[in-house]
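Here is a friendly walk through one model, with the cut-offs stated as we go. Have your viewer ready.

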Amino acid sequence: MPVENVGVGRLAAGVDASIVNRLMFIAAFIVLTFAVFAVRLFQLQVVEGEDLGNRARRNSVRTVRLEAPRGDIVDRFGRELATTRPAFGVQVMPAELRERELTLAALASLLDLDPSELSERVGTPKGRRRFQSVRIARDLPYDSRTRVESHLYALPGVFTDVSPRRYYVGGSLAAHVLGFTGEIQIEQLEKRSFADYRSGDVIGQAGVEGRFESILRGRAGGRNVVVDVAGRVDEVLDEVEATPGGTVVLTIDRDLQRVAEDGFLPDVIGGEEKHGAVVVLDPRNGDVLALVSRPAFDPNSFAGGIDSASWKRLAESEGRPLQNRALAGQYPPASTYKVFVAAAGLEEGAISPDDRLFCPGFFRHGRRIYRCWKRGGHGSVNIHEALARSCDVFFYQLGLKLGIDRMAFFANGFHLGRRTGIALGNESAGIVPTRAWKERRFGEVWLTGETVSASIGQGYNLTTPMQLAVAYAAIANGGTVFKPRILLRQAGPDGTVEQGPEPESLGKVPVSPEHLASITRALEGVVYDQGGTGARARIPGVRVAGKTGTAQVVHLKNTEGLEEEEIPFKFRDHGWFAAFAPVEAPEIVVVVLAEHGGHGSSAAGPIVNAVLSRYFKSSTPGEPPRRPEASEEAARVVRN
Amino acid sequence: MFGIDRRLLQNFDWMLLLLVIAIVAVGIINLASATHVDDALTGEVRRQLFSVGVGGIAMVSVLAIDYRHYERFATAALLVCIALLAATLIFAPVIRGSQSWLFGGRLQPSELAKLGLVIALARYFHRNPPGEIRRLRELARPVLITAVPVGLIVMQRDMGVALLTLLIASTYLVFTRIPWRSWIGVAVVGIAALITLWMFALAPYQQRRILDVVDPGRDPLSSGYQAIQSRIAIGSGRLLGTGYRAGTQTQLRFLPTQHTDFAFSVLAEEWGFVGSCAVLSLYLILLLWGLRVARNSKDGFGAMLAVGLVGTIFWPLAVNIGMVLGLAPVIGVPLPLFSYGGSALVTSLVGFGLLLNISMRRYVF
């Protein structure tokens with residue numbers, strides 16, 4: 001309407017026609033400009049409106065993830081091994097800093113940081129980045145935390161937060177059982193089984209943490225919130241609560257675990273820590289009561305993400321602390337292997353309990369001389385004495401009589417040479433050599449001289465401590481090979497309890513109970529007989545059976561004639577000790593491997609002794625009770 | 001001559017006044033939403049209401065004196081404005097990179113200078129009626145009248161206002177008859193000036209802002225941030241708007257300077273296409289009405305002054321809405337009558353006082 005008015009209106013006295021003309025031009029220009037604005041508004045609000053509206057919602061509505069607290073890991077008596085603790089963090093939001101330099105300087109002094117370094121980390125971001133907070137600390141020690149909190153009111157722009165952090169109560173205690181957590185790896189994220197994980201999620205990366213991730217993880221909840229430009233929550237729209245992870249109850253006995261680990265402490269303060277492994281099983285059901293690998297690591301150092309330098313140091317350290325020696329370490333079983341040869345000999349009728357063989361201290365086979373560990377020889381020994389005194393010559397002869405393949409058949413019968421299938425992963429299979437194996441492996445014919453070495457557990461034979469423990473448990477329980485069990489039960493956050501897998505039999509050993517009984521008597525002789533090699537395992541009140549072993553690391557000629565202390569550490573022999581008790585009704589099997597520890601008896605014996613002593617220590621007040629139902633349950637399984 | 005004639009009241013331009021009141025009222029309602037914290041009136045709203053009062057008194061005062069008297073004081077007024085501009089260069093503190101406020105932030109002389117400039121140019125073009133211009137030298141006077149205040153504003157480092165003042169003055173180019181050959185000359189000089197300006201006078205952030213119009217996604221978190229958030233706010237208004245005080249972009253402060261430069265984005269978000277078109281229509285009617293006043297004025301000075309006053313509203317509006325809609329670079333130019341800001345509002349109201357003045361004295365007595 002006004003447009004016409006400009007043109008049609010009454011001519012005023014002072015305005016000439018040319019000016020009116022120009023005014024029309026201006027009016028047209030203005031109308032055109034507004035037309036452009038209207039078209040643009042139509043484009044933004046009607047055509048692109050939906051899309052831009054969604055962007056506005058994305059701006060302001062944020063889904064905040066509510067992390068599920070990770071479940072605890074406890075021992076068989078409910079004592080905490082791994083739990084979750086709050087970690088106290090500090091952030092700075094640049095947009096909210098009032099007196100930037102003053103505030104940052106004060107914060108630096110509270111946190112013992114360099115002020116200029118802190119100032120550099122915060123920087124002076126522009127635009128929306130000012131609203132992105134800069135993390136200064138993730139896990140403050142308690143005293144810094146209280147200092148910051150008590151000054152927070154005077155530090156606008158400084159915020160604190162609390163986030164859950166995995167905490168391993170015993171530090172490195174049972175580190176190889178528990179494993180560790182860490183941020184999910186890029187390769188894992190690409191796999192389908194990790195489809196519901198997001199980058200930055202903490203996930204169990206090894207051991208129980210990795211294997212039972214699905215129990216421990218829980219389910220993250222979410223909360224839709226309306227946030228302002230600074231990310232502050234303005235309104236909570238809705239919320240799905242997080243479901244905490246379930247508790248994993250392990251078969252581990254924390255006390256036994258600690259006692260077994262303490263056996264590897266240095267002899268003198270500041271001395272070198274000893275290397276090796278311990279496996280403690282309940283022979284009645286395969287429960288793993290303790291599992292030690294030394295040297296160990298502290299999984300707490302992984303909990304907040306480990307820097308690559310520390311990781312490299314751990315991974316490349318000479319002692320290889322990340323390797324689980326009890327499952328992945330393969331060692332010559334040495335004399336501990338003799339029980340399987342003895343079982344084979346008795347079962348095959350190659351020898352009877354009364355047969356005697358003569359040991360002059362050496363054995364000639366072909367052009368080679370094989371020595372007994374005892375230079376003077378054992379004289380005439382039967383199988384009981386040969387086991388008790390660990391006579392090598394007796395077993396050279398028995399092994400030759402049996403042949404490598406029949407020895408292997410019985411070793412396999414005790415589940416050697418195969419993975420035990422324990423739910424921890426990264427297990428080695430060991431080696432039980434046969435003719436066919438050598439043919440396959442090297443394309444060479446088996447030599448009978450190799451049978452001689454094999455009959456005392458040297459040569460190609462390799463065993464993991466866990467395999468040996470499973471095999472000795474089978475001797476102890478009368479012939480059942482149990483799959484080692486680590487998960488006793490799991491408890492849901494709602495209190496529901498689900499029992500772990502039933503004790504699982506992997507089969508029966510191909511040896512009659514009478515023969516197993518006579519082998520057990522011989523192993524008792526190892527500990528109690530005159531001349532027995534395992535006297536160090538004796539404990540008061542309980543009869544113990546066991547077998548020592550000394551695994552040669554390098555060929556004898558390098559070290560022959562040297563006293564043990566004179567042999568360089570890495571050339572020293574590995575010491576084995578496998579034991580179970582009480583002899584009448586075994587409840588516990590202990591296998592100790594002391595790397596480069598020298599003789600089995602002296603190196604590994606004290607650890608066996610400590611573990612057995614702890615286990616059989618009469619229950620003192622405050623002590624968790626031994627599982628009374630365990631023996632009944634196990635007895636039932638064994639009877640079946 | 002100072003008495004209010006009854007005939008003047010009869011001829012009073014109520015339509016123009018109503019349009020102004022309507023826009024100012026919508027602006028204050030919008031300001032209340034943009035600065036909304038709780039249900040109390042915010043400090044900004046109170047200060048803006050105070051400015052409306054001051055502006056209203058100034059408007060009535062300007063109205064009382066026949067506008068033809070102002071022609072005589074045109075040169076003096078321009079000189080006062082120039083003096084004030086010069087004074088800011090000496091006395092004013094630097095606030096956000098520019099130096100443009102006097103008396104502790106209560107007066108922005110560059111706003112007043114627009115009025116002074118318009119009066120001076122109106123006087124010039126009234127006395128030198130449009131005719132063929134053969135030499136550029138003939139434009140020396142108006143160019144000088146424009147160049148001195150603009151130069152001083154540039155020296156205050158207030159590029160947005162300098163550009164605006166230049167645009168307002170350029171309104172009068174319509175009344176010169178420059179042959180097309182000269183336009184080519186002007187264009188060449190203009191482009192050369194723009195390139196020089198880009199390379200030497202514009203700070204990097206100013207260059208970025210211009211580039212952001214071409215591609216706002218270039219750097220969404222810093223320099224293009226305002227443009228993008230403004231577009232999101234406007235778009236999320238859709239057809240009918242999110243409702244008063246319900247725009248998330250506004251209420252959660254995603255919009256930058258939402259009560260001043262981006263006030264229109266707030267309106268567009270909360271009132272939608274319908275609401276923003278309605279307010280733009282008010283402006284369109286107001287501007288065309290201003291041109292009608294020019295056409296109906298009884299003398300050349302009134303016509304020239306009215307055109308200049310229309311320019312003082314149109315150009316900031318075009319630059320502001322263009323910026324808000326992502327069609328022009330982000331220049332800190334408020335929307336006249338609508339955005340928060342006392343000096344601008346008072347100056348605008350004084351300008352409308354002049355326009356009402358011309359309108360009600362349109363008959364020769």
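What share of the residues of chain B count as buried? Of its 365 residues, 50% do, where buried means that 20 or more other C-beta atoms, placed from the backbone, lie within 10 Å of a residue's own.

## Ground rules

This is a predicted model, in which local features need pLDDT of at least 70 and side-chain atom pairs count only at pLDDT 80 or more, while totals for chains, interfaces and linings use all residues. Residues are numbered from 1 along each chain as its sequence is written, and chains are lettered from A and ligands numbered from 1 in the order in which they are written.

## Chain B overall

Chain B has 14 helices and zero strands, with helices (H or I, at least four residues) and strands (E, at least two) taken as DSSP runs numbered from the N terminus. Among its contacts between residues at least 6 apart in sequence, 72% join residues at least 24 apart; a contact means C-beta atoms, placed from the backbone, within 7 Å.

## A helix pair in chain B

Now look at α6(B), residues 140–155, and α7(B), residues 159–170: their axes come within 8 Å and cross at roughly 165°. That makes α6(B) roughly antiparallel to α7(B), a label for angles over 145 degrees. Axes here are lines fitted to C-alpha atoms over the stretch in contact, and angles run from 0 to 180 degrees between N-to-C directions.

Where the helices meet, α6(B) brings B:Thr146, B:Pro149, B:Val150, B:Ile153 and B:Val154, and α7(B) brings B:Val161, B:Ala162, B:Thr165, B:Leu166 and B:Ala169.

## An enclosed helix in chain A

Why is α15(A) described as largely enclosed by the rest of the structure? Nine of the 11 residues in this helix, which spans 338–348, are buried, so the description follows. Among them are A:Phe340, A:Val341 and A:Leu346. The buried residues of α15(A) pack against several elements of chain A, including α16 (383–389), α21 (465–476) and β21 (545–551). Just after the helix, A:Gly349 takes a positive phi of about 75°.

## Two nonpolar cores

The largest nonpolar core has 125 residues; such a core is a set of buried Ala, Val, Leu, Ile, Met, Phe, Trp, Tyr and Cys residues joined through C-beta atoms within 7 Å. Its largest share, 10 residues, comes from α21(A). Apart from this core lies another, of 111 residues, among them B:Leu121 and B:Val330.

A:Leu250 is one of the residues with the most contacts inside the largest core. Not counting residues up to four places away in sequence, A:Leu250 touches residues including A:Ile73, A:Val177 and A:Leu488.

Methods. A residue is buried if 20 or more other C-beta atoms lie within 10 Å of its own, exposed if 12 or fewer, and partly exposed in between; C-beta atoms are placed from the backbone. Two residues are in contact if their C-beta atoms, placed from the backbone, lie within 7 Å. Angles under 35 degrees count as roughly parallel, over 145 as roughly antiparallel, 65 to 115 as roughly perpendicular and the rest as oblique.
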